[in-house]
Amino acid sequence: MKKYVFYLAILVSVWGCSQKKETYLPQSKTLVASVYASGLVKAKNQFMIYATATGVLKKCAVVSGDTVTANQPLFYLDNLNAQLGADNARAALDLTQNNKLDKIQEVELLVASAREKLALDESVYQRQKRLWEQKIGSELEFEQKKLAFVTSKLNYDNALNKLSQLKKSVETEYKRNQISYDISNKIAKDYTVSSPFKGRIYDVFVKEGMLITPQTALAVMGETNSYYVELEIDENDMLKIELGQQVLLTMDSYKGQVFEALITQINPLMNERNRTFTVEATFKKLPPKLYPNLTVEANIVVETKKNVLTIPKNYILKGDSVWVSETHKRKIILGISDYENVEVISGLKKNEAIYKP
């Protein structure tokens with residue numbers, strides 16, 4: 001019986017030692033508070049390319065990875081009808097231009113003839129008037145010459161008016177046909193999709209022979225060797241984010257490496273679907289090689305404090321209190337935190353040990 005009591009005493013002693021609580025002394029450290037975010041690498045001016053017309057893709061002039069220049073044709077859609085319309089409009093415009101010159105020239109000849117007739121009749125009338133004032137000749141002859149002059153004056157004025165109206169009419173017709181041609185030519189050009197700027201084709205989504213509509217994404221394009229990071233920030237953290245803040249980035253493509261960036265743009269509209277805001281960060285130094293849509297994880301540094309009293313997060317109880325002895329808890333006031341430690345503003349001193357829960 002004494003033997004069993006002896007063994008029981010040993011077991012109780014060992015169990016008691018194993019239950020001794022772990023302690024920690026608060027330490028002064030530099031604490032960096034950050035906000036976590038995830039996102040994607042984006043090429044600068046990255047966007048989807050769409051056609052503005054509907055047609056069958058006749059030719060795809062680029063492949064993924066191609067570098068293109070500004071205004072370089074990328075995709076050709078079947079545009080036979082549109083080209084015929086543009087050609088017909090061009091022919092109508094040329095015909096209007098030729099008719100315009102012919103019609104104006106014809107009426108200008110009439111004006112010139114009427115002007116010469118007027119000058120002649122006016123000269124005859126003035127001579128006859130002087131004779132009549134000297135009582136030479138008959139009154140009938142004077143009235144005839146006067147009537148001829150007045151008639152010529154009316155004919156000349158009518159010719160001038162006709163020329164003026166004709167010029168306005170043919171000019172209006174020419175402008176109308178010019179607009180028709182411009183529209184037809186624009187429609188024909190819509191069947192050729194060109195690059196808006198110098199850059200790189202990162203992906204092509206279509207193949208020749210496909211039916212293309214304005215809703216069909218043809219390719220994705222962006223600038224070459226110019227990248228930024230697009231991050232999603234939870235609405236609860238958004239008030240901490242400001243322009244110019246430091247961002248520490250990690251990527252699966254570069255395991256074990258950290259890249260620095262800066263917040264350069266904050267988009268103020270929240271995405272209602274996932275309750276996040278979008279911000280953009282620019283690399284301080286680009287990694288050796290990047291591709292659009294690489295995933296990134298980020299820590300945005302929102303505050304840094306030096307020489308602050310800190311304790312591990314796993315020592316804190318619910319309600320911001322800690323064990324200051326094996327039987328007593330104390331309420332403390334906390335400040336900023338990182339992933340492991342939290343700042344103690346008041347309630348603890350540096351030499352006071354705390355017990356791990």
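Me: Before looking at single residues, what counts as a strand in this predicted model, and how many helices and strands are there in the chain?
Reply: A strand is a DSSP run of E that spans at least two residues, and strands are numbered from the N terminus. Counted in this way, the elements of the chain in this predicted model come to 3 helices and 20 strands.

Me: In which loop does N225 lie?
Reply: Two strands frame this residue, one covering 217-222 and the other covering 227-234. N225 therefore falls outside both runs, in the loop between β10 and β11.

Me: What is the phi of N225, and is this residue buried or exposed?
Reply: Most residues other than glycine have a negative phi. N225 is not a glycine, and yet its phi is positive, at about 55°. Since exposed means over 50% relative accessible area, N225 counts as exposed because its relative accessibility is 57%.

Me: Where does N293 lie, and what value does its phi take?
Reply: N293 is placed in the loop that runs between β14 (276-283) and β15 (295-312). With a relative accessibility of 45%, N293 counts as partly exposed. Although this residue is other than glycine, its phi is positive, near 75°.

Me: Which residues are in contact with G347, leaving aside its neighbours within four places in sequence?
Reply: G347 sits in the loop between β19 (341-346) and β20 (354-355), where its relative accessible area of 32% makes it partly exposed. The C-alpha atom of G347 is separated by 6.4 Å from that of I333, a residue 14 positions away along the chain. Once the neighbours within four places are set aside, the contacts of G347 are R330, K331, I332 and E352.

Me: What share of the contacts with a separation of 6 or more joins residues 24 or more positions apart?
Reply: The chain has 357 residues, of which buried residues make up 32%. Among the contacts in the chain with a separation of 6 or more, the share that comes from residues 24 or more positions apart is 73%.

Me: Over which residues does pLDDT stay under 50?
Reply: Across the chain the mean pLDDT is 83, and 88% of the residues reach 70 or more. Where pLDDT is low, the predicted coordinates should not be read in detail. One stretch has 0 contacts beyond four places in sequence in the model, and its pLDDT stays under 50: residues 1-18.

Conventions:
Residues are numbered from 1 along each chain as its sequence is written. This is a predicted model: local features need pLDDT of at least 70, side-chain atom pairs count only at pLDDT 80 or more; totals for chains, interfaces and linings use all residues. Side-chain values use heavy atoms; hydrogens and water are left out. Helices (H or I, at least four residues) and strands (E, at least two) are DSSP runs, numbered from the N terminus. Buried means under 20% relative accessible area, exposed over 50%, partly exposed in between (1.4 Å probe, protein chains only). Contact means heavy atoms within 4.5 Å. pLDDT is the predictor's confidence in each residue, from 0 to 100.
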